[in-house]
2 protein chains.
Amino acid sequence: MKVAALAGGVGGAKLAAGLQAALPPGDLTVIVNTADDFDLWGLHICPDLDTVMYTLGGVANPETGWGIKNESFDALGMLTRYGEDTWFKLGDRDLATHVLRSARLRSGELLTSITAALSNSLGIPSYILPMCDEPVSTMLDTPAGKLNFQEYFVRRGQQDEVRGIELRGVEKARSTAAVLDTLAGAETIVFCPSNPVVSIGPILAVPGMREAVTSSPAPKVAVSPIIGGRALKGPADKMLASLGHEVSATGIARMYEGLVDRMVVDHADEDERNDISDLGMTVLATDAVMRDEPDRGRLAREVLGFAGSLAGR
Amino acid sequence: MKVAALAGGVGGAKLAAGLQAALPPGDLTVIVNTADDFDLWGLHICPDLDTVMYTLGGVANPETGWGIKNESFDALGMLTRYGEDTWFKLGDRDLATHVLRSARLRSGELLTSITAALSNSLGIPSYILPMCDEPVSTMLDTPAGKLNFQEYFVRRGQQDEVRGIELRGVEKARSTAAVLDTLAGAETIVFCPSNPVVSIGPILAVPGMREAVTSSPAPKVAVSPIIGGRALKGPADKMLASLGHEVSATGIARMYEGLVDRMVVDHADEDERNDISDLGMTVLATDAVMRDEPDRGRLAREVLGFAGSLAGR
């Protein structure tokens, strides 16, 4: 039962972990946003890829959702001593990922291949694919000027109003063979509960991606990252509002119109069922909050069941 | 009382620390071998520069002489998990040095300037200068083939017989303005007890260096790294023997003939006094072993006194 999941950072990684737990080894492929990637001290850092990889590898920090559990921050302390601005909280183990990935990228290896090797070393039974191998950079228009995503998200603590989004470089990117093969072979496509504008949006903006999704005959299920008019984590709610989108499960459904045929919403948004149905989508209302590991597995099984993927199992 | 010291790794760093303790702040400049430098995971690592910097900065690991005290090795553990061969023991804080230096080198900054900035951040009251800004690589001819210094020294544990030394790239290097100014202004030049062939040798091989030393009117004192026919640390004794040098304080003096006018030897080598005098050098026999910090300070003061640098203080 081949499942392709589109995911950004923490929320997406949680559902991906649930899907991995619910499926036989090798049946899940996660296509991950890389438009948050940035360079720091000559290191190429891929926050969403790392969050998905650490989560699926069982080494993620359960407190934060990002980074590695029981992490030390001695290198960062030394960088502070050297007078560096250490706004991005690089752990020591995490640093190893960036050092190794950067060295391999510099030697000409593609991000897709590097990610496969690192994931494999961590014993991950799923496939993790960057959305593309070319650099794409989410640039946010704010009153403070153009900010790249990590500047906005981490350095400035999501304080700025986002008035527009530019996906710098996306026109030169293209969907990789691995991504296209995954979507062509998928029996279910899941849009994880990630930010639709800065996580799922960049994935869909990669040339070739939208066509690959729409041309797939597989059921396509989106899990709303907005519950009761709010984002559980991250700035999706504020960002959707300032960009003129409706901050609701229905608003999410509208953004995925023509791409998705099934929406999973929280019980809190049960009353939006008709509005979403009017968009031509079937709706499943359930407990969409993932508090712990059992929650992830339960929600994942419900998503798969809703897509018909668990039929006969 | 401006003092210039030529130094390699651990032994040289110890005497440099003693000199720093014995002199007013700003009076010591250490010119350091960089021919051991190498690249690992895209990081430019300068073992001797780092050993001198950590030692003068008071953060060196006193057990090993290299690396940082109370160091953690979590990044290295993660690299092992990623299947990397982790023969070079990179600590987490140490890694920060390499990451930052590599990023600055890549942006075009010179090693001399980077080293000054890092040393300054650590509050070091002396100046630390790389022997040159160009890459030079000590390649050792061994029965196992050509090995770079760290491969020979760390990876293969100094097991190979060294039959020849090539300083790859040294012909394209040149003495920096900072090094030449230091030597021109030095009132004493100290050859630290470092390996004469792979630590002091490369420094002297940089075009312009030998002339800068010989043209200086300052007293030039070498401290023998060979005591009682053995190196206290490292492979200098085996290496000197296989390269056809005499493994004794006199052998060291012969290698520095024409460059140095004073030799400091251990009491154990008192009987070589006449042989060394015959080379035109004045000899001071003392306790040349640096067991602890007080030893370093004592030996440094003796060296400076022997050079006449402590006269009138």
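Two residues are said to be in contact if their C-beta atoms, placed from the backbone, lie within 7 Å. This definition is needed for reading the structure shown above, which is a predicted model. By that criterion, 24 residues of chain A are in contact with 24 residues of chain B.

Three helices of chain A, namely helix 3 (74-81), helix 4 (92-106) and helix 5 (111-121), each supply at least two residues of the side that touches chain B. The largest share comes from helix 4 of chain A, with 10 residues. In character, the residues on this side of chain A divide into 12 nonpolar, 6 polar and 6 charged.

The next topic is the relation between the two chains. Two copies of a chain are related by a rotation about an axis and a shift along it. Here, a turn of 180° and a shift of 0.0 Å along the axis lay chain A on chain B with an RMSD of 0.0 Å. The two copies are therefore related as by a two-fold rotation axis. Within chain A, the C-alpha nearest this axis belongs to Asp92(A), at 3.1 Å from it. The same surface serves both copies, since 100% of the contact residues of chain A recur in chain B.

Attention may now turn to the interior organisation of chain B. Strands of a sheet pair through backbone hydrogen bonds, either parallel or antiparallel. In chain B, 7 strands form an open sheet in the order 5-2-1-9-10-13-14, and the pairing is parallel. At the edges stand strand 5 (127-130) and strand 14 (282-286) of chain B, each of which pairs on one side only. Neighbouring strands of this sheet are turned by 20° against each other on average, direction ignored.

One pair illustrates the arrangement. Strand 9 (residues 188-191) and strand 10 (residues 220-223) of chain B pair in the parallel sense over 3 bridges. In this pair, Phe191(B) stands opposite Ala222(B) of strand 10.

Helices accompany the sheet. Helix 1 (residues 10-22) of chain B packs on the sheet and touches strand 1 (3-7), strand 2 (28-32), strand 9 and strand 10 of chain B. The direction of helix 1 makes about 165° with that of strand 1 of chain B. Helix 2 (residues 47-56) of chain B lies across strand 1, strand 2 and strand 5 of chain B, and runs at about 175° to strand 5.

A final residue to locate is Pro294(B), which is placed in helix 13 (residues 293-306) of chain B. Pro294(B) counts as exposed because it has 11 C-beta neighbours inside 10 Å, and a residue is exposed if that number is 12 or fewer. Pro294(B) and Gly57(B) are 237 residues apart in sequence and 17 Å apart in space, C-alpha to C-alpha.

Conventions:
Residues numbered from 1 in each chain as written. Chains lettered and ligands numbered in written order. Predicted model: local features only at pLDDT ≥ 70, side-chain atom pairs only at ≥ 80, totals over all residues. Pairing = 2+ DSSP bridges. Helix = DSSP H or I, 4+ residues; strand = E, 2+ residues; numbered from the N terminus. Axes fitted to C-alpha atoms, helices over the stretch in contact; angles between N-to-C directions. Least-squares fit on C-alpha atoms with pLDDT ≥ 70 in both. Buried ≥ 20, exposed ≤ 12 C-beta atoms within 10 Å, placed from the backbone. Nonpolar A, V, L, I, M, F, W, Y, C, P; charged D, E, K, R; others polar.
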